[in-house]
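This report looks at two local features: the surroundings of one histidine and the layout of one sheet.

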Amino acid sequence: MSVAGLPKNEANVLRGHEGAVLTARFNGDGNYCLSCGKDRTIRLWNPHRGIHIKTYKSHGRKVNLRVMLNILAELRPSICVRNKVRGQLDNSKLCSCGGDQQVFYWDVTTGRVIRKFRGHDSEVNAVKFNEYASVVVSAGYDRSLRAWDCRSHSTEPIQSLTHFQTVCLTKSEILAGTIDGTVRTFDIQIGRELSDDLGQPVNCISMSNDANCILASCLDSTLRLLDRSTGELLQEYKGHTSKVPNGSYKMDCCLTNTDAHVTSGSEDGFIFFWDLVDSSVVSSFKAYASVYF
């Protein structure tokens with residue numbers, strides 16, 4: 001994607017939520033999107049026609065959409081990358097989490113909650129499907145990471161890890177960001193753990209589309225790009241701002257679908273795009289007059 005192809009203008013406004021919208025996610029082909037927020041609902045839209053299709057209700061508190069319709073290949077081209085719902089490969093299921101400390105597994109068509117996974121002791125911050133949509137991994141403010149089996153009727157986690165707040169998955173690995181400033185990689189097949197120290201609390205991680213790099217958003221208002229195989233710091237991206245010292249809020253980050261640009265939100269309502277290689281700001285625009293938390 002060239003700089004000229006980066007989004008700069010508002011294409012549509014989707015109205016319907018009765019409170020702050022916390023997250024939005026496109027499905028794999030970009031024809032639909034999900035949103036969630038403080039009104040405790042998840043909403044399915046056709047964003048191109050501005051049509052509200054369905055509302056999902058069951059959460060007892062705000063929904064932190066890391067939302068997505070069955071696509072393990074996360075919608076990296078979207079700036080609203082992961083407050084919590086993620087969907088499956090065939091778009092038939094979605095998973096959500098939020099302030100009620102639970103992970104909800106939904107049937108997209110009927111709007112029915114298939115299963116509720118309980119075990120976190122605080123708000124759940126992120127949720128992801130594995131590649132086969134058979135396992136959901138969640139991370140929360142209790143600093144734990146838990147894996148849930150979608151095929152089983154059990155509501156107990158099949159694995160739990162501690163001190164993690166954001167998560168990313170590959171075919172055989174779990175990547176987790178931590179508040180102690182490290183990005184840790186767990187190889188499930190060989191039982192190995194690797195740790196890369198960034199020196200700043202990590203509140204969001206995502207992978208490049210070629211799976212060679214990890215992008216981490218840190219609470220010092222800096223994005224850091226790491227080589228997955230060596231842990232080498234390849235680049236840093238700055239320019240987005242915080243309203244308070246040392247950035248207190250979670251800012252999602254991702255790479256565009258060609259891996260040519262890095263993108264992130266900003267607490268002043270701007271969206272930023274950087275050149276992947278030289279870290280220069282190639283585009284920024286005001287998306288919101290103000291940001292609410």
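The model is predicted. H17 sits in the segment before β1, the strand at 21–26.

**The setting of H17**

H17 has a relative accessibility of 16%. The cut-off for buried is under 20%, so H17 counts as buried. Leaving aside residues up to four places away in sequence, H17 touches S35, C36, G37, D39, T41, R43 and W45. Two residues on that list, S35 and R43, recur in the table of polar contacts made by the H17 side chain.

| Side chain | Partner side chain | Polar contact |
|---|---|---|
| H17 | S35 | 2.6 Å |
| H17 | R43 | 3.5 Å |

The side chain of S35 thus meets that of H17 at 2.6 Å. For the side chain of R43, the value is 3.5 Å.

**The sheet from β21 to β24**

Further along the chain, an open sheet is made of 4 strands. Their order is β21-β22-β23-β24, and the pairing is antiparallel. β21 (253–255) and β24 (281–286) form the edges, each pairing on one side only. Direction ignored, neighbouring strands of this sheet are turned by 15 degrees against each other on average. In general, strands of a sheet pair through backbone hydrogen bonds, in a parallel or antiparallel manner.

How many bridges join β21 to β22? There are 3, and β22 spans residues 261–265. These two strands run antiparallel. Within β22, T263 is the residue that stands opposite C254.

How values were computed:
Residues numbered from 1 in each chain as written. Predicted model: local features only at pLDDT ≥ 70, side-chain atom pairs only at ≥ 80, totals over all residues. Heavy atoms only, no water. Buried < 20%, exposed > 50% of the residue type's maximum accessible area, 1.4 Å probe, protein only. Polar contact = N/O pair within 3.5 Å; in protein donor to acceptor, adjacent residues only side chain to side chain. Contact = heavy atoms within 4.5 Å. Pairing = 2+ DSSP bridges. Axes fitted to C-alpha atoms, helices over the stretch in contact; angles between N-to-C directions.
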